[in-house]
Amino acid sequence: MPLFEKKKRIKIISMISIKAKPLLEYINNYISLTSTEEAYLLSKITYRKYLKGQFIVQQGDICKYECFVLSGCTKMFFVDEQGQEHIIMFSVEDWWTSDIGSFIEQTPADFNVQCIENTELIMFSYDSVEDLYIKIPKLERFFRQIIERAFVASQKRLVRNFSLSAVERYTYFKNQYPKIEQRIPQYMIASYLGITKEFLSKIKKQLVLRQKS
């Protein structure tokens, strides 16, 4: 390898190592990695910046990456036959985003993942994840735990959607994700809650009046 290319590669690896610090800290909450394992993990990741409005995954395409959010905010949604957008989840710093079903099965995605803000991601390709499972078996347990947590969260959200009123769903969202609400347009929150933006506006006015009374 020419000296210039070698220096360039070292610079890229060094930059990724710095950028990946939040990911390593996140992983260490679940499992402990040796310095050798961390180095191998870093060799298998991709760092990428996306601009606001860019798609990470599009409905119908195969999801090629599982993504860890370093900065920014994304939304996962699908568009029905009438062209209506239905938001399933938001992801911010230290969260994961992708169409996990498409990623695991390598089949066409049911969902879009789009950036609401300029976003920085650490990305794991399907082949990289499979290789990491072999070389660092404890990472298979880690990713399994992440998927299990995502599954439990989606199940609980289904229960809330069926059992809670729109006011209760919004109150839960506001209390559970106060920082996210400040970063997301109201019409997107309304879509996530399954209501219109006009109805969300009425709910917020009702809550303000309750606090004053």
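A charge sits over a ring if NZ of Lys or CZ of Arg is within 6 Å of the ring centre and within 35 degrees of the ring normal. Keep that in mind for the first exercise, and remember that the model is predicted.

**Exercise 1. Charges over rings**

Find the ring that Arg 157 lies over, and then the ring that Lys 75 lies over.

*Solution.* Start with Arg 157: it lies over the face of Tyr 192, at 3.9 Å from the ring centre. Next, take Lys 75, which lies over the face of Phe 77 at 4.7 Å from the ring centre.

**Exercise 2. A hairpin**

Work out how strands β4 and β5 are joined, and which residue of β5 is the bridge partner of Lys 75.

*Solution.* First, locate the strands: β4 covers residues 74–79 and β5 covers residues 85–91. They run antiparallel and are joined by six bridges. Then look up Lys 75, whose bridge partner in β5 is Phe 90. Finally, inspect the connection: five residues lie between the two strands of this hairpin, and Gly 83 in the turn has a positive phi of about 85°.

**Exercise 3. An open sheet**

Give the strand order of the open sheet and name its edge strands.

*Solution.* Four strands make up the sheet, in the order β1-β8-β3-β6, with antiparallel pairing. The edge strands are β1 (45–50) and β6 (96–97), because each pairs on one side only. Now zoom in on one pairing: β3 (residues 65–71) meets β6 through two bridges, and Phe 68 stands opposite Trp 96 in β6.

**Exercise 4. Aromatic pairs**

Classify the ring pair of Phe 103 and Tyr 126, and describe where the two residues lie.

*Solution.* The structure holds 20 aromatic pairs. In this one, the ring centres are 5.9 Å apart and the planes stand at 70°; planes over 60 degrees apart count as edge-to-face, so that is the class of the pair. Phe 103 lies in helix α4 and Tyr 126 in helix α5 (residues 126–135), so the pair ties together parts 23 residues apart in sequence. As for accessibility, Phe 103 is buried at 6% relative accessible area, while Tyr 126 is partly exposed at 25%. Elsewhere, ring pairs link a cluster that includes Phe 68 and Trp 96.

**Exercise 5. A loop residue**

Decide whether Asp 110 is buried or exposed, and list its contacts beyond four places in sequence.

*Solution.* Asp 110 sits in the loop between α4 (100–105) and β7 (112–115). Its relative accessibility is 55%, and exposed means over 50%, so Asp 110 counts as exposed. Leaving aside neighbours within four places in sequence, Asp 110 is in contact with Gln 59, Phe 78 and Asp 99. Lastly, Asp 110 and Phe 77 are 33 residues apart in sequence, with 8.6 Å between their C-alpha atoms.

Conventions:
Residues are numbered from 1 along each chain as its sequence is written. This is a predicted model: local features need pLDDT of at least 70, side-chain atom pairs count only at pLDDT 80 or more; totals for chains, interfaces and linings use all residues. Side-chain values use heavy atoms; hydrogens and water are left out. Buried means under 20% relative accessible area, exposed over 50%, partly exposed in between (1.4 Å probe, protein chains only). Contact means heavy atoms within 4.5 Å. Rings of Phe, Tyr and Trp (its six-membered ring) pair if their centres lie within 6.5 Å; planes under 30 degrees apart count as stacked, over 60 as edge-to-face and the rest as tilted.
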